There are 2 protein chains.
Amino acid sequence: MRVMGRETRSIRLSSEGGRAPVPEVLDQTRLPHEVRFVRLESAGDAERAIREMWVRGAPLIGATAAYGLALAARADPSDAELAAAAERLVGTRPTAVNLGWAVQHVLDRLAPLGEPEREKAAFEIAAALADADVALCRAIGEHGESLLRRLDHVSGRNRPLQILTHCNAGWLATVDWGTALAPVYRAHRSGLPVHVWVSETRPRNQGAALTAWELAGESVPHTVVPDNASGHLLRTGRVDLVLTGTDRTTAAGDVCNKMGTYLKAVAANDCGVPFYAAVPGPSIDWSLGPGEADLIPIEERADEEVSEVRGYAVGLGQSSVRITPAGTPVANFGFDVTPARLVSGLVTERGVCEASPDGLAGLYPERAFPEGSKS
Amino acid sequence: MRVMGRETRSIRLSSEGGRAPVPEVLDQTRLPHEVRFVRLESAGDAERAIREMWVRGAPLIGATAAYGLALAARADPSDAELAAAAERLVGTRPTAVNLGWAVQHVLDRLAPLGEPEREKAAFEIAAALADADVALCRAIGEHGESLLRRLDHVSGRNRPLQILTHCNAGWLATVDWGTALAPVYRAHRSGLPVHVWVSETRPRNQGAALTAWELAGESVPHTVVPDNASGHLLRTGRVDLVLTGTDRTTAAGDVCNKMGTYLKAVAANDCGVPFYAAVPGPSIDWSLGPGEADLIPIEERADEEVSEVRGYAVGLGQSSVRITPAGTPVANFGFDVTPARLVSGLVTERGVCEASPDGLAGLYPERAFPEGSKS
């Protein structure tokens, strides 16, 4: 997508002074206040980018780790060195599933090759992983765009289609396009008038910071609102659909996503406004069936994310202010579960389906529970 | 209520060096980071306290204005001067209904008196207004405490009663006790184990700043959470009731309160958790019947409240950080409407009633719509 008019991806190859190309990534901890691409010169740089959250989002973390292993192969393609680099990369974010998978995928492909072939092959494998994610997001965008056009036709209002989103499920969380925002970008580029209500997404404000910044880069009309405003927007007819991403979706269609998603879904349901989640196939947890969503462990994060707010201060750059009395007890849950009964549909790379065992089984027959099509 | 172990009110009389007593108020713009009582030496000081929001909440604004007029009478009790001071006081916050009412009430009472009697009378009238608000809040507290004890009995859980609140409807918004928090304070003081989930209440964070500070002063166990967390807390059985204040309640029982209240009510309803609002009789708008809540104008406030967050920074004291990209469009609605169908009951100074025309007509027969008891 575009940053200040230039097409880019969240991770890209960059050559400097005739040297071999290296990956570079946007340092997302500095957004939206500073746009800085950082060159990853070594596997150690890639580790640091993941650990310090310059990159975030499962697909982008996976791609960064794959390039990290390619950089390791450039420095020393021996089995021992690759295994050591892989272990360090996997250790950066222990809970990121894509990370382990991507690293193992590169290792498996390099193992049968001779050392001299490994660097070139590793860069090709990493590039293919990144391209596969872009293709997946693009497909979500195509199916989602059709959905937006259908809803725009139904809404029949003489105004842009009003989309409410939560958190950041845009290209910054993937390699390009994003998940929930991919349909928005496609629709906007192809001339459908849209307007996005961006929920700021406390405590880390990924909506106010990242989603608003992404949308501005693509010139998509948008308005940032406090998370508390979403009910009022829905109740007063200002929203035509809610569209969010998902961190994990059960085989039954329950959506586990950033804290606050359930509030939007339950209010949308109360107001007769459709609620959709954009679901990449790899994020579906086929091990969880109906009634099992509450088995998903909900991460509890650092208190400071709640008691302090990070932003930009004139003369100081990025800094934080404390909003609670000193020593106030706080709780910081990362995610919540939206039951399938509140979800109008799931937008996957294979099409849009009902949020149900049958709906998902229809699109992913090879993965569905044996009982999926019967329940 | 207590501040650092000392009983106080949000407005109180203070004598210094044998001089005539003057009112002093907590400067709420400095809370929770600095506790400072400010002496109001003149009607001009009272105007400034209201305009600059050192005081907030309809009852407290009314009491401050009444004392402001008393200070005006001390300086010059002539009709002309009192009328001029009244006009300046009423102009400080044009939309505050209590303000105009309190000022007119004092003026009306002073009009028949001779000038030498006016200062003393004005201070007595102002004190009576403040006391009347305290009595009203105390009565809400009594009825609400019974409700909490009933719900605690029903919940039958082996844990403190779990109350989720929103914004600040505590003693800082009134003269003492508060509305939604009055039952909590009474229950806690009388030995019922309670725990309050405090929703931070973006954009101004009155929950994180004021409610948390109030509860700490009374040693009521509490935890501050992002507004987004309330759905997860409700869905996972961590809340026994939601209890909020109200800015305006229709004769049909619809509750207009701080933005975000509706989201809590609709989620509570989805989860089978009761939702109550604490409703002082004077905040009921008897002119609005069933289906008319959306006639209430919803204030749109300054963009900076959304795009910037104010708090405390080490070495800087109170300061702000910007959380959006520069120039991002934002919207900032002050309130939302929770339909009566989502409200389990209203806690008034006359008792707890159903959120319906009949429920309110039963408690306020003298004010109800003629058709109230039939609809």
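**Notebook: a seven-stranded sheet and its surroundings**

I began with the sheet in chain A of this predicted model: an open one of seven strands, in the order β8-β7-β6-β9-β12-β17-β18, with mixed pairing. Next I looked for its edges. They are β8 (222–225) and β18 (351–353) of chain A, and each has a single partner strand, so one side of each has no neighbour in the sheet. Going from one strand to the next, I found a twist that averages 25 degrees.

I then checked one end of the sheet in detail. Strand β17(A), residues 345–348, pairs with β18(A) in the antiparallel sense, over three bridges. I picked out one of the residues involved: Leu346(A) has Cys353(A), in β18(A), as its bridge partner.

Which helices pack on this sheet? Helix α5 of chain A, residues 115–155, touches β6 (161–166), β9 (241–244), β12 (275–278), β17 and β18 of chain A. I noted that the direction of α5(A) makes about 140 degrees with that of β17(A). Helix α6 of chain A, residues 181–189, also packs on the sheet, where I see it touching β6, β7 and β9 of chain A. For α6(A) the angle with the direction of β7(A) is about 150 degrees.

From β7(A) I chose a single residue to follow. Ser199(A) lies in this strand, which covers residues 194–199. Is Ser199(A) buried or exposed? I have it down as buried, because its relative accessible area is 0%, under the 20% cut-off. Its side chain makes a polar contact with the side chain of Lys264(A), at 2.9 Å. Leaving aside neighbours within four places in sequence, I listed what else Ser199(A) is in contact with, and the entries include Thr165(A), His166(A) and Cys167(A). Gly207(A), Ala208(A), Val225(A) and Asp227(A) are on that list too.

Then I turned to chain B and how it meets chain A. I counted 62 residues of chain B in contact with 62 residues of chain A. Between them the two chains bury about 4800 Å², with 62% of that on carbon and sulfur atoms. Which three residues of chain B supply more of its buried area against chain A than any other three? They are Asn228(B), Arg235(B) and Leu263(B), with 15% of it.

My last stop was helix α2 of chain B, residues 58–75. Its 18 residues reach 26 Å from first C-alpha to last, close to the 26 Å expected at 1.5 Å a residue. I also looked at how covered α2(B) is: mostly, with 14 of its 18 residues buried.

Key:
Residues numbered from 1 in each chain as written. Chains lettered and ligands numbered in written order. Predicted model: local features only at pLDDT ≥ 70, side-chain atom pairs only at ≥ 80, totals over all residues. Heavy atoms only, no water. Helix = DSSP H or I, 4+ residues; strand = E, 2+ residues; numbered from the N terminus. Buried < 20%, exposed > 50% of the residue type's maximum accessible area, 1.4 Å probe, protein only. Polar contact = N/O pair within 3.5 Å; in protein donor to acceptor, adjacent residues only side chain to side chain. Contact = heavy atoms within 4.5 Å. Pairing = 2+ DSSP bridges. Axes fitted to C-alpha atoms, helices over the stretch in contact; angles between N-to-C directions. Expected span 1.5 Å × (residues − 1). Buried area = accessible area lost by both parts, 1.4 Å probe.
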